[in-house]
Amino acid sequence: MHKILLKIAQVGICTERPRAPDEALRLGAARLNDEMLQLLGRALAIRHVDAGSCNGCELEIHGVNNPYYNLEGLGIKFVAGPRHADMLLVTGPVARNMEEALRRTYDATPEPKLVVAIGDCGCTGGIFGENHASRGRVSNVIPVDAAVPGCPPEPAAIIQGILTAVSVRRNSGSEHDLR
Amino acid sequence: MRREFFDAHAWRATCEAHAGDGGRLGALWASDGPAVHALLITKEGSLSCASLALSGPEFPDVSDLFPAAARMQRAAADLYGVRAGADTRGWLRHDAPYAFVRVEGEGVHEIPVGPVHAGIIEPGHFRFSVVGERVLRLEERLGYTHKGIEKRFEEMSLEEGVRLAGRVSGDSTVAFAWAYSMALEEAAGVRVPPRALWLRALLLERERVANHLGDLGAIGNDGGLAFGLAQFSRLKEDWLRISARLFGHRYLMDRVVPGGVACDLQRAGVEELLEEAGRLEAELRTLRAIYYDHAGLQDRCINCGVLAPRTAAALGVVGLAARASGIAMDARVFPGFAPYGELQPKIACHRNGDVASRIVVRFEELFESLNLVRRIVDSLPSGDAGIPLPQAAEGSFGVGWIEGWRGEVFVALEAGANGRVRRCHPHDPSWQNWPALEHAVIGNIVPDFPLINKSFNLSYAGVDL
């Protein structure tokens, strides 16, 4: 036990300090609290769905929870099922074999049902495109609020995409606005 | 590499003779024609391709000789309509209801899990038959991420194909890109310069370290030690950032290209890598002591998810999982591929086959990879990091064979006309190892499944293609 405590003390808190207010991420994080209070009134819960990814994007989605990015520190956490989620984070071109599972996950998610497509494949179909086995971009199957390009996008970009989705939905004043 | 065509009888006889001599199956796939191809590896480590041109839709079943062939045969049936064996259920095609094997008896019930799982992981379906908490049987159904990769290759030029190969299983992008490049270089009949090979090895070891760091953290977390996840994910992030700074990509995608590598290493980079290796090694020694001393974690991991050496051998398990079950196989060492002959890596091996053994193997491979990184940067040959590749002739064929972090990766590549891909089959070691997970979980309790699964950490995308 003393080794664990010693290590924790030696490493300290390595979560990166909030960036200057004019930097995109910091601005987003500041907006987020405001957005979440107004739109959700609580912390954001995310369900991840791999709809056909190569698993590269999953590595970076894991990354958002490492001590440097510490997404949970912003009040945003990943949950185990769609019924607990406010947002779906979807990776991959949508494989035909995942199309039904993705639709059913979307249907099981309560409003506001935000969707962020992650990675070049989620945005456009990527290198796999559309074919007999792939439906291509996520928006071909379910509505998407924000799309984060990159192969794979870095954790900071993923977090930015999550924050963007929250503000896009509010600014559009859509039927899903809960205020 | 030797490639021979046989008729059905002789093809089956070749496979039988091969299995009888202690050989194993690397990969099995079909192509237009139709034809079926088996990559065979002898006990002495020599590789050959036995091909069979078919006149009808049936080919001889070899799953009695090589159990891992069963799912490869089903994939061939779905992609090319050529059948073998009694199991006619679709593997990659999901258009018909799927009949899981029913376990019956008093108190037996089923737990269906997936394809959408509870964590941040790839999709697949697991059907557990349990009594109380105890697992009697696990049946996997995969194929959910099938996205037509093998057909997609056929729309690409030979040079473009490496980008797709690097996205068969993103966590093994270096291994697949190298295997693809090795196959294409064999088809084109060229040798790449030594500096390119050494840099490829450096990238491959970086990929191994990144994945082992991630897995050790995740295994600790699944074993109830969240401290482990925090520490290892911090170390992994440090590692990825240095990869991005020195080589241009956190996961090293598109760094290995046919003819060489698309990056180089300067003197300042060498210093940084040596400094990084020293720092990480010190951290790992501390964390290893904590993992090995932690009673709660050891209690979860020892004797959990045992893959007995005999079972592993019978199933033809490969890579890290094989090494944790007493099978000392590592393609870097035997038969070896350049530049590993000069680097002389040590094989990490353990006999118990449980989750704890797979942790031990990962730790030992981390230390060995750091040693290899030091050796590589200390004596990196000078010269070019790549050469222009001549066009591979139509019909030329090559196979790449690389020991990735998970196990051996193959890419079989046949060139078409005008520098196009005629047929490319990428093979992930998870083909061999997924069936072993079904065995390792028997008799364990359901809550230990995530821990057991993570200790193997097999690829879904890599086998769904």
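Tutor: Let's start with a yardstick: a residue is exposed if 12 or fewer other C-beta atoms lie within 10 Å of its own, and buried if 20 or more do. Keep in mind that this is a predicted model.

Student: Okay, let's use it. Is Gln344(B) buried or exposed?

Tutor: Gln344(B) has 12 C-beta neighbours inside 10 Å, so it counts as exposed. You'll find Gln344(B) in the loop between helix 12 and helix 13 (355–378) of chain B.

Student: And what about its backbone? What is the phi of Gln344(B)?

Tutor: General idea to begin with: most residues other than glycine have a negative phi. Gln344(B) isn't a glycine, yet its phi is positive, about 50 degrees.

Student: Which other residue has a positive phi although it is not a glycine?

Tutor: Have a look at Leu252(B), with a positive phi of about 70 degrees. Leu252(B) sits in the loop between helix 7 (226–247) and strand 8 (256–257) of chain B.

Student: Is Leu252(B) buried or exposed?

Tutor: Count again: Leu252(B) has 24 C-beta neighbours inside 10 Å, and therefore it is classed as buried.

Student: Now peptide bonds. Where is there a cis one before Pro115(B)?

Tutor: As a rule, most peptide bonds are trans. Here, the bond from Gly114(B) to Pro115(B) is cis, and its omega is near 15 degrees. Pro115(B) belongs to the loop between strand 5 (108–113) and strand 6 (125–131) of chain B.

Student: And which residue does a cis peptide bond join to Pro335(B)?

Tutor: That's Phe334(B), with omega at about 5 degrees. As for Pro335(B), look in the loop between helix 11 (319–323) and helix 12 (340–343) of chain B.

Student: Let's zoom out. How is chain B divided into domains?

Tutor: Chain B has domain 1 (2–80), domain 2 (108–141) and domain 3 (149–464). Taken over C-alpha atoms, the centres of domain 1 of chain B and domain 2 of chain B are 31 Å apart.

Student: Last topic, the interface. How many residues does each chain give to the contact?

Tutor: People often describe the size of an interface by the accessible area lost when the parts come together. Here we can go by residues: chain A puts in 39 and chain B 38. On the chain A side, the elements giving two or more residues are helix 1 (2–11), strand 1 (45–50), helix 3 (56–63) and helix 4 (96–108).

Student: Which element of chain A gives the most?

Tutor: Helix 3 of chain A, with six residues. By type, the chain A side that touches chain B splits into 19 nonpolar, 15 polar and five charged residues.

How values were computed
Residues numbered from 1 in each chain as written. Chains lettered and ligands numbered in written order. Predicted model: local features only at pLDDT ≥ 70, side-chain atom pairs only at ≥ 80, totals over all residues. Domains from an automatic or database assignment. Contact = placed C-beta atoms within 7 Å. Helix = DSSP H or I, 4+ residues; strand = E, 2+ residues; numbered from the N terminus. Nonpolar A, V, L, I, M, F, W, Y, C, P; charged D, E, K, R; others polar.
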